[in-house]
Each structure stands twice: as C-alpha cells, then as structure tokens.
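Please look at the sequence and the model below, and then follow the explanation step by step, returning to the picture whenever a residue is named.

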Amino acid sequence: MQASAGYGQRLLRRDVPLALTAGLAVINGLDFSPFFDTVSFWLYSFARGSRLYHGEVFYYLTSAAITVMTLLIGGVPAAIYERVRGLQQSSPGSLIVWLAATLLLTWPTLLRLVTLGEE
C-alpha cells in the first residue's frame, strides 16, 4: 500500500509537469505557431541543397526545431532557479518553473489555435 502512495506522489510531482511541458512544446511546434514561417525560412537557408530539403521532411524538421527550442529556452529559468537554490537535481518546484516558462512561450500559439477554432 505504501509503494502505491509513493508512486502516485511521484507521478503528480515529476511526471505530470514533465508531460505537460513536453506537450506544450509539441503544440508550439505545430504549423499554427507564429514562429513556424520564420524558423522555416532560417532552416531553408541551411537545408538548401541537402537531403533535408524535401517537402515533408522539411516540414517536420521545422516542427521539431521549434519543439526542441521551446524546451531549451523554457528550461533556462528552471536552471537558474535550481542554481540559485543550490539544487543538485530537479525538484517539483523547478519543473513547475519549466512548465510556466514553456506555457509563456507557447501562449501565442494557443491564442492562435483558439481564434482559428472560433472561425
């Protein structure tokens, strides 16, 4: 009985914020993102003439690049929080900071999705 209670607490404290953070980053990587065209333009400059410059591959490359950059940029405030607190491992508090920063980065995409759904 004690082991299942520990698993539930771990799930709520670590796994749920991580899953929500990853989900928000994936949403930000969708083609609804206001950053999609800009990132696609910059990636075109680097991918031109390579195997990566193929219709679908390039589309998914752009989406993956936005997703990864959202996770990386969203993790900076969490890393600063961990450094200031002197933590050696991520805590539930730093995961919440990471989630909040990712939500702020994804906010324009979420607003765009809502307004597109109303039309």
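The protein has four helices and zero strands, and when its elements are read from the N terminus on, they follow the order α-α-α-α. You should keep in mind while reading that this is a predicted model. Of the 119 residues of the protein, 24% count as buried, and the protein exposes about 8300 Å², of which carbon and sulfur atoms supply 67%. If we consider the contacts between residues at least 6 apart in sequence, 67% of them join residues at least 24 apart.

We can now turn to the aromatic rings, for which the count comes to three aromatic pairs. One of them is formed by F36 and Y59, whose ring centres lie 5.5 Å from each other, with 50° between the planes; the pair counts as tilted because this angle is neither under 30 degrees nor over 60. This pair links distant parts of the chain, since F36 belongs to helix α2 (residues 36-47) and Y59 to helix α3 (residues 55-85), 23 residues apart. F36 has a relative accessible area of 9% and is therefore buried, whereas Y59, at 31% relative accessibility, counts as partly exposed. Another pair consists of F41 and W42, which stand edge-to-face at 6.0 Å centre to centre, with 80° between the planes. F41 counts as exposed because its relative accessibility is 53%, and W42 is likewise exposed, with a relative accessible area of 53%. Ring pairs also join F36, Y59 and Y60 into a cluster.

Which residues does T109 touch, once its neighbours within four places in sequence are left aside? T109 has its place in helix α4 (residues 92-118), and it is in contact with I27, N28, F32, S33 and P34. Because its relative accessibility is 0%, and buried means under 20%, T109 counts as buried.

A contrast to this buried residue can be found on the surface, where V68, M69, L72 and I73 make a nonpolar patch of about 360 Å². Among these residues, L72 is found in helix α3, and its relative accessible area of 52% lies over the 50% cut-off, so L72 is exposed. Helix α3 thus appears twice in this account, as the element that holds Y59 of the tilted pair and as the element in which L72 of the nonpolar patch is found.

Key. Residues numbered from 1 in each chain as written. Predicted model: local features only at pLDDT ≥ 70, side-chain atom pairs only at ≥ 80, totals over all residues. Heavy atoms only, no water. Phe/Tyr/Trp six-rings, centres within 6.5 Å; stacked < 30°, edge-to-face > 60°. Helix = DSSP H or I, 4+ residues; strand = E, 2+ residues; numbered from the N terminus. Buried < 20%, exposed > 50% of the residue type's maximum accessible area, 1.4 Å probe, protein only. Contact = heavy atoms within 4.5 Å. Patch = residues over 30% accessible without salt bridge, like charges linked within 9 Å, V, L, I, M, F, W, Y side chains within 5 Å. Areas by Shrake-Rupley, 256 points an atom, 1.4 Å probe, with all protein chains shown as cover. Salt bridge = Lys/Arg side-chain N within 4 Å of Asp/Glu carboxyl O.
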